[in-house]
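Trainee: I am new to this structure. Can we walk through it together, starting at the ligand?

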Amino acid sequence: MNFRTIAAVSTPRGKGGIAVIRISGDRAAETAERMFRPASGKKLGECEPRRAVFGTILDAGDEPVDTGIAVLFRAPASFTGEDVAEISCHGGPAATEAVYLSAIAHGADAAGPGEFTRRAFLNGKLSLTEAEAVGRLIDADTAERLALSAGGLRGNVSRRIEAISAGMLSTMTALYAAIDYPEEDVGDEGEREIGNTLRRSLGEVNALLSTYRTGRAVADGVKTVICGRPNVGKSSLFNLMTGEDSAIVTDIAGTTRDILRETVSFGGVTLRLADTAGLRGDTDGSVEEIGVERARREIGSAELILAVFDGSMPLTREDRELLALLSGVGGDAVKIAVINKADRGCVLGEAELSEMDGICGSGGRIVMSAASGDGSALAEAVGAAFRAGEFDLRRDAVIWDVRQRAALEHARSALEGAADALEAGDPIDCVCTLAEEAMAALDETDGRTVEEGIVDEIFKRFCVGK
Ligand code: GDP
């Protein structure tokens, strides 16, 4: 057993009813025993595992400091797969600190970020995607983010990948047999079967990859820009999207006063309304205009562009400039033309509307009234653009992480290569090498074989105590 025994406060800092100090490793029971005296008079190590034991907690100097509950989990039946002791004390900052320092004084080392979850992964208690889901679950601040991480933790993605790998096994066996016994021809039938499996696996990998756009839009959020000339209703739209009804999940003032970022749950995905200075209106009444100039700077990096127009009056020169700007935006960015002030009627002609449709493409155009407070049409358009309604985040396999996507893309190209090589009549060794590469990439997606450095990178993002 080569691991240190580690301890950390696993509940948030600050005042709370209770705080939990978690200890994991070979010496967890011994450490907990030295700092915790069960009221029953027994030693903690003699108490039944997984049972709450009431007792006195001693500080680093062996003085009673609090009363609380200790639960001992014996390896491998614990979160980390090692012996784990969880000690709950009263959640005052000083009490929590004293109990934590007591654990350190009595034999544990300070845990690093994500070290508990990392151990759970290394001991096979969680796959890497599940471990990543734990991190996301703890960070989840919207209903969709919670559903996505809960689904990940339930192993939705891991199970799908396992199923694809399992489907490939018979093909691998057939390929190895063909290499080992070259005199026994695979035959047309056999080749067709191998080809079918490769193509079917490819289809499954592609289906999983196609969930990335939605998963990422929920997990990381979509960088969104609201643009348009002055007075079209951008602030009204911004306020509608971030208002009481649509949950504001973060509100971080940047280093300068005028940089404001809001993350909102909208249309079933997460929108990051970035650099929205001025949209709010300022307390001193000075409203910086985010006109077309500003849009010019921001549009390039946006993933969702909400271009607002005032439908109650003819398009102005600035509106046309914005349209020209939008038509130059390519790539994956979603463009939605928001024709605002619908309550005053729409004076825009067919030609202008269809020009907007042409420029916005799949994002489309909606007619609404920001002042009315009804953002449902926009929410629907945003949801549709990111296919939010198509997946049940809790039940379907939805990937959300760039690492998972890269590994799956690797699997896809290897599978494509293998299927093409087979069809081209290339030597069977060559088909086999590519199929093996695809299997390895699938394993990597799920973290069954993954480089140490990548594992480090993932767990570094966790905080201490997870
Ligand atoms: P911005 O300069 O683009 O941010 O526009 P504002 O949101 O500040 O709106 C400019 C003016 O238009 C304000 O007086 C709003 O009350 C008004 N306005 C915004 N949306 C609507 C709408 O849907 N209908 C009507 N009638 N007025 C609106």
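Mentor: Let us begin with polar contacts. This is a predicted model. A polar side-chain atom of one residue lies 3.1 Å from a nitrogen atom of the ligand, and that residue is N340.

Trainee: How far is the polar side-chain atom of R344 from a nitrogen atom of the ligand?

Mentor: A polar contact needs N or O atoms within 3.5 Å. The R344 pair involves a polar side-chain atom and a ligand nitrogen, at 3.3 Å.

Trainee: Which residue has a polar side-chain atom 2.9 Å from an oxygen atom of the ligand?

Mentor: Here the ligand partner is an oxygen atom, at 2.9 Å from the side chain. The residue is S369.

Trainee: How much of the ligand's accessible area does the protein cover?

Mentor: On its own, the ligand has 570 Å² of accessible area. The share of this covered by the protein is 73%.

Trainee: Which helix gives the largest share of the shell around the ligand?

Mentor: The shell has 15 residues, and those that come nearest are N231, K234, S235, S236 and D343. Three residues of the shell come from one helix, residues 234-242. That is the largest share, and it belongs to helix 9.

Trainee: Where does the largest nonpolar core lie?

Mentor: This core has 70 residues. L237, I336 and L378 have the most contacts inside it. Residues come from both domain 2 (132-211 + 399-460) and domain 3 (217-390), so the core lies between domain 2 and domain 3.

Trainee: How many residues does the other core have?

Mentor: That core lies apart from the largest one. Among its residues are L44, C89, Y100 and A103. Its count is 23 residues.

Trainee: What does L378 touch, leaving out residues up to four places away in sequence?

Mentor: Touching means heavy atoms within 4.5 Å. By that rule, the partners of L378 are L237, M241, F266, L306, I336, V338, I366 and M368.

Trainee: How many residues of helix 3 are buried?

Mentor: Buried means under 20% relative accessible area. In helix 3, E115, F116, T117, R118, R119, A120 and F121 pass that test. Helix 3 spans residues 115-122 and is mostly covered, with the buried count at seven of eight.

Trainee: Which residue with a positive phi follows helix 3?

Mentor: The phi there is near 75 degrees. The residue is G124.

Trainee: What share of the whole chain counts as buried?

Mentor: The chain has 16 helices and 14 strands. It has 466 residues, and the buried share is 49%.

Terms used: Residues are numbered from 1 along each chain as its sequence is written. This is a predicted model: local features need pLDDT of at least 70, side-chain atom pairs count only at pLDDT 80 or more; totals for chains, interfaces and linings use all residues. Side-chain values use heavy atoms; hydrogens and water are left out. Buried means under 20% relative accessible area, exposed over 50%, partly exposed in between (1.4 Å probe, protein chains only). Helices (H or I, at least four residues) and strands (E, at least two) are DSSP runs, numbered from the N terminus. A nonpolar core is a set of buried Ala, Val, Leu, Ile, Met, Phe, Trp, Tyr and Cys residues joined through side-chain atoms within 4.5 Å. Domain bounds come from an automatic or database domain assignment. A residue is near a molecule or strand if one of its heavy atoms lies within 4 Å of it. A polar contact is a pair of N or O atoms within 3.5 Å; within protein, one must be able to donate a hydrogen and the other to accept it, and residues adjacent in sequence count only if both atoms are side-chain atoms. Accessible areas come from the Shrake-Rupley method with a 1.4 Å probe; for residues, only the protein chains shown count as cover.
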